[in-house]
Amino acid sequence: MSANEVRHALRKLEDLRYAAGNLDQALRRIVEATHQLFAVDGAGLMPVDPDQLLRNIAVSDRRVHDLEELQVEHGEGPGVEAFEAKTLVDTEDLAVETRWPKFSPAAVERGLRAVLASPIPYNQQAIGVVVVFSAKVHPWSPEGELALVAFTDLAALTIANTLQSEQRGELASQLQRALDARVVIEQAKGALVAREGVSEREAFERLRRQARAERRRVVEVAAEIMAAIRHT
């Protein structure tokens, strides 16, 4: 892609920079523009939910739902890494990818071969990711990486404008609940790291496993752990 193509695509979305409107519709426009510009098999936007799991709200191809499902199931993948590390993550061939040993072979079976993921920044944290994928081996160019960051930053600005608006709407309210839950979950993760010497990833997996076993939300388990600590 050329700089002119990126500029033209962003110009069509320029109205999103200055006003909070229908967030769901705005994010779908960003995903559609991203898909068209990259001319690959699909694109998606995955904000974090209250359990700090990446969930689709706007996709251009059904296989992005497979990406969501597999990352939630295995707790790893390019979107998860981009979200947790707050950095752009790319893989041009999942068939030979070793960073995500559980996710990668399962993704290839579902028709996902190459993925580029960019975190959506919000208040010094990530609030989700924007992803593009190819069903074939696909090296990602520096121009493509910069373009995805530009679309991600536009998504971040759109979300921030909406969260600061008095008329948030349901999607923005869901995102706010996810941000509120993160505070409690991060506190519980920190407590487990300090008390048991596990990594932050393992601490979160423990919270998630307990929540699944008890059919509760992760934030509920985290709040219970913090309450117990305060009473000791």
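The exercises below, each with a worked solution, concern a predicted model.

**Exercise 1.** Work out how helix α8 and helix α9 are oriented relative to each other, and which residues meet where they touch.

*Solution.* Begin with the axes: those of helix α8, residues 200-214, and helix α9, residues 218-230, come within 8 Å and cross at roughly 110°. Because angles of 65 to 115 degrees count as roughly perpendicular, α8 is roughly perpendicular to α9. The handedness can then be added, since α8 passes α9 in a right-handed crossing. Next, list the residues on each side: α8 contributes F204, L207, R208, Q210, A211 and E214, and these meet V218, V221, A222, E224 and I225 of α9. Sorted by character, the residues of this contact divide into 7 nonpolar, 1 polar and 3 charged.

**Exercise 2.** Take L207 and determine whether it is buried or exposed, and which residues it contacts beyond its neighbours within four places in sequence.

*Solution.* First place the residue, which belongs to helix α8. Its relative accessibility is 1%, and because buried means under 20%, L207 counts as buried. Then turn to its surroundings: once the neighbours within four places in sequence are left aside, L207 is in contact with I185, A188, K189, L192, V218, V221, A222 and I225. Among these partners, V218, V221, A222 and I225 also appear on the α9 side of the contact between the two helices. For a distance across the model, consider A135, which is 72 residues from L207 along the chain; the C-alpha atoms of the two are separated by 34 Å.

**Exercise 3.** Find how many aromatic pairs the whole structure holds, and describe the geometry and burial of each.

*Solution.* A search of the whole structure gives 2 aromatic pairs. A pair of aromatic rings is described by the distance of the centres and the angle of the planes. In one pair, F38 and W140 are 6.4 Å apart centre to centre with 65° between the planes, an arrangement that is edge-to-face. F38 lies in helix α2, residues 23-38, while W140 lies in the loop between β5 (125-134) and α6 (142-163), so the pair ties together parts that are 102 residues apart in sequence. Both rings belong to buried residues, F38 having a relative accessible area of 9% and W140 one of 10%. The other pair is formed by W100 and F103, whose ring centres are 6.4 Å apart and whose planes stand at 85°, so this pair is edge-to-face as well. Finally, W100 counts as buried at 2% relative accessibility, and F103 counts as buried at 0%.

Note on methods: Residues numbered from 1 in each chain as written. Predicted model: local features only at pLDDT ≥ 70, side-chain atom pairs only at ≥ 80, totals over all residues. Heavy atoms only, no water. Axes fitted to C-alpha atoms, helices over the stretch in contact; angles between N-to-C directions. Helix = DSSP H or I, 4+ residues; strand = E, 2+ residues; numbered from the N terminus. Parallel < 35°, antiparallel > 145°, perpendicular 65-115°, else oblique. Left-handed = near helix turned anticlockwise from the far one by under 90°. Contact = heavy atoms within 4.5 Å. Nonpolar A, V, L, I, M, F, W, Y, C, P; charged D, E, K, R; others polar. Phe/Tyr/Trp six-rings, centres within 6.5 Å; stacked < 30°, edge-to-face > 60°. Buried < 20%, exposed > 50% of the residue type's maximum accessible area, 1.4 Å probe, protein only.
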